[in-house]
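Student: I have a new model open on my screen and would like to talk it through. Could you help me find my way around?

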Amino acid sequence: MSQVLTADQSGGACAWRDKLQQVAAGRVFQTSDPKGQRLGSGGGTVHLLWQAWQEQTGGEISIREWLRQSQKIVLHAGGESRRLPAYASVGKCFLPLPDGLGDPHPDFRPCLLDKQVPFYQRALEEAGEKTRVMVTSGDVWLLAQALGLPSINADITGLGMRVSPEAAKDFGVFLAEDKAVNREAPPWKVDEFLQKPSPARLTKKLRNREFFVDTGLWFLSEEAVMVLFRACGWQPKKRSFSGPDGRPANFDLYGEMGEALGRRGKVSANLQRAGFGKLTREVFAPEKARFLHLGSSRQLIESLVFLQNQETPQPPHFFIASPRRKFCLAEGDRTAPVWVESSSAPRHGKCTLLGWNVVTGLPHGHNFQNLPPELCLDVLPAKEGRWIFRFYGIDDSQRGTVSRGGKILGQAARQWLKAHRAPPEITGEIYDLPVFPMVSAESLEQSLLDWLIDPSSNPAVADVFWKLPRVSAGEIADQVDLAGWLDQREKAFTTQMVSSLVRAEGFLPGLDAAALLRWTDLYPALRKSLRETLLTHQQERRNGPRSSLMASRECFLAAGLLPGSKTRETKEEGRAILRRAILAEESVHRSHPTVDLKEDQIVWARSPARLDLAGGWSDTPPFCLGYGGRVLNMAVFLNGQPPIQAFARFTEETYLRVRSIDVGSALTVRTWKELEQYRDPSSPFSLPLAALALAGFHPDFRGRGKFSSLKEHLNHLGCGVEITMLCAIPKGSGLGTSSILGATLLAALNRACGLGWDTFQLHRKVLAMEQVLTTGGGWQDQAGALYPGLKLIETSPGLEQVPVVRFLPDRYFGPDRANRTVLLYYTGITRLAKNILQDIVDDMFLGESTNHRILSDIKENAKLLAEALQREDGEEIIAGIRRSWRLNCQLDAGTTNEAIARLLASLGEDLAAAKLLGAGGGGYILLFARNGEAGTRIRRKLEKNPPNSRARFVDFTPANRGLHVTVS
């Protein structure tokens with residue numbers, strides 16, 4: 001697991017440490033740049049790593065050893081933020097975002113960090129072991145699929161994006177070597193690196209080369225990090241730097257090192273001494289990616305308008321924790337865009353926004369009535385109940401001087417200061433001008449705004465304004481009451497949240513209710529309002545039709561708000577709602593058993609096992625019902641035989657009888673009450689009893705006919721039913737045994753009783769069986785056995801999970817590899833998946849955003865692995881298997897254990913990839929050896945030193961036939 005390290009010049013990010021910890025789901029480290037010392041992007045990176053190394057190791061191991069312990073993400077979250085001043089105090093990576101924005105798994109109260117860190121973590125995992133550090137910026141939002149990014153083998157690799165020459169003029173630009181992009185797979189070698197080239201210069205440079213804008217995301221090897229340390233003055237023996245204060249020297253990572261990246265790059269003497277010449281440098285660009293830079297106020301609005309309009313064009317208005325109805329927009333919803341965050345309504349009336357306004361932190365008591373176009377306001381709490389009032393134009397850069405280039409509210413600074421009768425001593429750097437007053441909330445009147453725009457509107461304001469205590473932009477971070485700033489925004493969000501809950505019931509779709517529950521612990525008013533709202537919705541659910549998925553989620557949310565004794569009961573109500581919805585599908589209620597065999601005939605159904613390669617968990621309700629599922633698995637025969645079999649026949653005795661050959665026991669059922677033992681998933685006969693119930697032998701699932709008892713029903717048939725099952729796979733194997741056995745039993749009864757189910761109906765019956773058994777599993781196991789060979793299976797969102805099957809070539813698992821380099825091993829370490837299943841399904845109901853991201857990645861990985869198998873790309877196949885196992889472990893750490901870890905570690909370099917099979921990390925494991933010789937060594941090693949007396953290799957072959965039914 002990677003660590004996330006952040007540096008924030010203002011120190012504001014320390015107040016968000018808990019948020020960072022939650023998003024990163026791992027170890028984090030946060031510090032600030034040295035006060036008053038400019039280190040640059042390179043020096044800041046080195047200082048951050050140096051500080052983290054000292055705190056986490058005490059200097060007991062070398063920096064190289066520390067880098068090898070885990071990969072690091074260096075996120076530069078602070079800086080002066082001159083062009084986006086509203087978030088300078090806390091860091092741009094913590095700017096709040098509107099809900100949704102096309103994200104199918106939105107976070108609760110999302111900020112930019114929620115979108116950045118998960119992508120960075122996955123990209124770093126995909127990069128591979130050579131990359132030890134990723135360096136990136138807090139004001140960049142990369143819209144790309146992290147899974148499937150190429151592995152990194154160079155010392156420095158930049159992530160680029162394809163843009164137009166006009167868009168590239170504000171960024172660094174990578175130029176790949178001549179025709180390399182068309183000739184080779186990425187990454188590509190860097191020919192040149194240009195700093196903010198004009199469109200004309202860039203076009204002239206292109207010729208046969210392709211260019212990519214630098215996103216600021218760089219992957220660094222261990223050696224590249226050490227070169228960076230040496231460039232900043234690192235002295236290994238002293239374990240400090242050569243500067244007078246022992247800190248890193250100023251170094252521009254994207255400037256000095258960026259310009260040296262290309263084959264034709266300019267390498268400074270400092271970099272030459274540091275050993276830069278030995279480093280390899282490359283660039284790659286993800287397909288279908290988008291680069292959003294939120295570096296300025298205008299870019300913030302433009303980027304989010306673009307993102308919001310990707311699916312359906314919407315009004316460009318963003319209100320976050322602010323009462324939308326208290327702000328007017330000129331010309332209705334067609335006005336220019338606005339951004340209003342954590343702002344209260346004016347004392348009187350409404351506030352009209354004329355477009356391109358960024359408004360943050362307006363406190364209770366203000367009375368602004370009208371904001372001209374491109375005027376932006378940021379109000380921050382200071383000490384002694386005062387407020388820092390920052391005003392700026394949307395394109396103000398806060399750079400330059402009064403006499404040269406500086407602007408205030410979009411006007412030349414010299415002109416603005418003169419017109420507003422500023423004292424003569426207010427001069428110099430714009431960033432250092434003390435022009436932002438500290439006032440009471442009641443002083444924020446419209447007359448003040450009018451004077452800022454037009455001093456002739458009320459000349460007397462100048463006499464008051466320049467006598468107020470004032471601070472410069474550079475001083476605001478030190479003057480802000482950060483705790484008050486956070487409290488103000490929390491209260492604004494709470495007020496808005498309560499209001500929205502009262503007005504609408506649609507707040508739940510996609511919401512991370514788990515995070516909402518954690519947050520309500522701090523806000524009793526919100527907790528009470530939320531509880532009352534949910535109780536109202538529950539009453540509506542009882543009185544009328546509602547979305548079963550929505551109703552189920554509401555129950556899980558309510559369970560977290562109710563007393564402990566009610567929690568379990570309410571969660572079970574949520575599960576039951578969804579269970580009833582799935583069982584209420586019309587096809588489940590059409591079972592009308594008849595006698596469709598001659599008196600001496602026996603039905604014989606047999607099924608292959610399934611090996612789940614990728615996508616498992618995405619097939620599980622409620623996730624698949626909301627988002628659709630996608631799995632990649634393979635039907636296999638074990639030791640040349642279909643290992644799961646069932647027999648059905650009619651008997652003269654009018655009762656139901658089930659037998660298990662492998663368990664060596666039998667059960668006779670004479671009443672419906674006895675048949676209802678299927679509800680106990682721990683019973684060895686729950687599956688066959690559930691199959692008999694679904695086949696129509698229980699009144700809940702019978703299509704026609706009324707009978708007072710099971711005996712009467714069987715007397716009407718004129719016979720009893722006997723089913724026998726054989727499962728030649730250990731329980732808890734991870735090969736989909738239970739669901740496949742359920743499908744096999746249902747297939748036997750389908751044929752014997754003339755039920756007429758086709759393959760699709762049989763697939764859905766098994767999903768219903770999971771609900772009947774209350775185990776709540778998915779559909780991939782039965783699909784793995786119903787359809788032969790290697791296949792990708794997908795479903796669309798909705799209660800009706802109809803599989804779409806795409807068959808794939810199984811040559812990779814042919815005789816040259818099966819049981820040679822691809823080995824199936826029974827570890828003898830088994831577990832029932834129900835507890836894991838229940839925990840993960842609970843998170844699905846609550847919309848837990850971290851798990852939903854992992855589930856989305858699991859689903860995407862199935863597609864990537866299918867494409868690799870289609871191409872027979874051995875390296876990508878191995879990468880897909882590794883990714884599949886890694887994602888399963890991230891979803892639930894209990895998927896594996898120490899015994900499995902020891903087993904895998906014992907195989908050393910011979911093992912290329914491995915994956916425990918099944919939802920709960922079952923008893924079987926699929927091992928991928930690096931080559932044939934490695935496979936032989938793995939087999940010998942485990943045969944000589946098995947983990948227990950049950951462990952063994954089992955030969956497998958891809959099944960050329962799925963579930964098969966014959967009659968004697």
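Student: Strand 30 and strand 32 pair over five bridges; in which sense, parallel or antiparallel?
Tutor: This is a predicted model, and in it strand 32 covers residues 720-727. One pair to look for is Arg 659, which stands opposite Thr 724 in strand 32. The five bridges between strand 30 and strand 32 run in the parallel sense.

Student: And which residue of strand 31 is the bridge partner of Val 658?
Tutor: Strand 31 spans residues 665-669 and is joined to strand 30 by five bridges, with the two running antiparallel. These strands form a hairpin with four residues between them, where Gly 664 takes a positive phi near 75 degrees. Within strand 31, the partner of Val 658 is Leu 667.

Student: Along strand 30, which side chains point to one face and are buried?
Tutor: In a regular strand the side chains alternate between the two faces of the sheet. Strand 30 (residues 656-660) shows this alternation, with Arg 657 and Arg 659 pointing to one face and not buried. The buried side chains, on the other face, are Leu 656, Val 658 and Ser 660.

Student: Let's move on to the sheet of seven strands. Which strands stand at its edges?
Tutor: The open sheet has the order 14-16-18-20-21-24-25, with mixed pairing. An edge strand here has a single partner strand, so one side of it is left without a neighbour in the sheet. That applies to strand 14 (317-320) and strand 25 (470-471).

Student: Which helix packs on that sheet, touching strand 20 and strand 21?
Tutor: Look for strand 20 at residues 375-381 and strand 21 at 387-393. The helix you want covers residues 446-453, and its direction makes about 40 degrees with that of strand 21. This is helix 13.

Student: In strand 25, which residue does Phe 436 stand opposite?
Tutor: Strand 24 takes in residues 436-439, and two bridges join it to strand 25 in an antiparallel arrangement. Opposite Phe 436 you will find Val 471.

Student: Now the sheet of four strands: what is its order?
Tutor: The pairing in this open sheet is antiparallel. Strand 36 (911-916) and strand 38 (952-953) each have a single partner strand, so they stand at the edges. Strand 38 pairs with strand 35 over two bridges, and there Tyr 825 has Phe 953 as its bridge partner. The order is 36-37-35-38.

Student: At about what angle does helix 31 run to strand 36?
Tutor: Helix 31 (residues 898-905) lies across strand 35, strand 36 and strand 37. Its angle to strand 36 is about 160 degrees.

Student: Is helix 17 largely enclosed or largely open, and which residue caps its N-terminal end?
Tutor: Seven of the eight residues of helix 17 (residues 513-520) are buried, so the helix is largely enclosed by the rest of the structure. Among them are Leu 516, Leu 517 and Trp 519. At the N-terminal end, a side-chain oxygen lies 3.2 Å from the backbone nitrogen of Ala 514, and the capping residue is Asp 512.

Student: How many disulfides does a search of the whole structure find?
Tutor: Take Cys 111, which is buried at 3% relative accessibility. Its closest cysteine sulfur, in Cys 93, is 6.9 Å away, so the two are too far apart for a bond. Cys 328 is in no disulfide either, with the nearest cysteine sulfur, in Cys 351, 8.2 Å away. The number found in the whole structure is zero.

Key. Residues are numbered from 1 along each chain as its sequence is written. This is a predicted model: local features need pLDDT of at least 70, side-chain atom pairs count only at pLDDT 80 or more; totals for chains, interfaces and linings use all residues. Side-chain values use heavy atoms; hydrogens and water are left out. Buried means under 20% relative accessible area, exposed over 50%, partly exposed in between (1.4 Å probe, protein chains only). A polar contact is a pair of N or O atoms within 3.5 Å; within protein, one must be able to donate a hydrogen and the other to accept it, and residues adjacent in sequence count only if both atoms are side-chain atoms. Two strands pair if DSSP finds at least two bridges between them. Contact means heavy atoms within 4.5 Å. Axes are lines fitted to C-alpha atoms, for helices over the stretch in contact, and angles run from 0 to 180 degrees between N-to-C directions. A disulfide is a pair of cysteine sulfur atoms within 2.5 Å.
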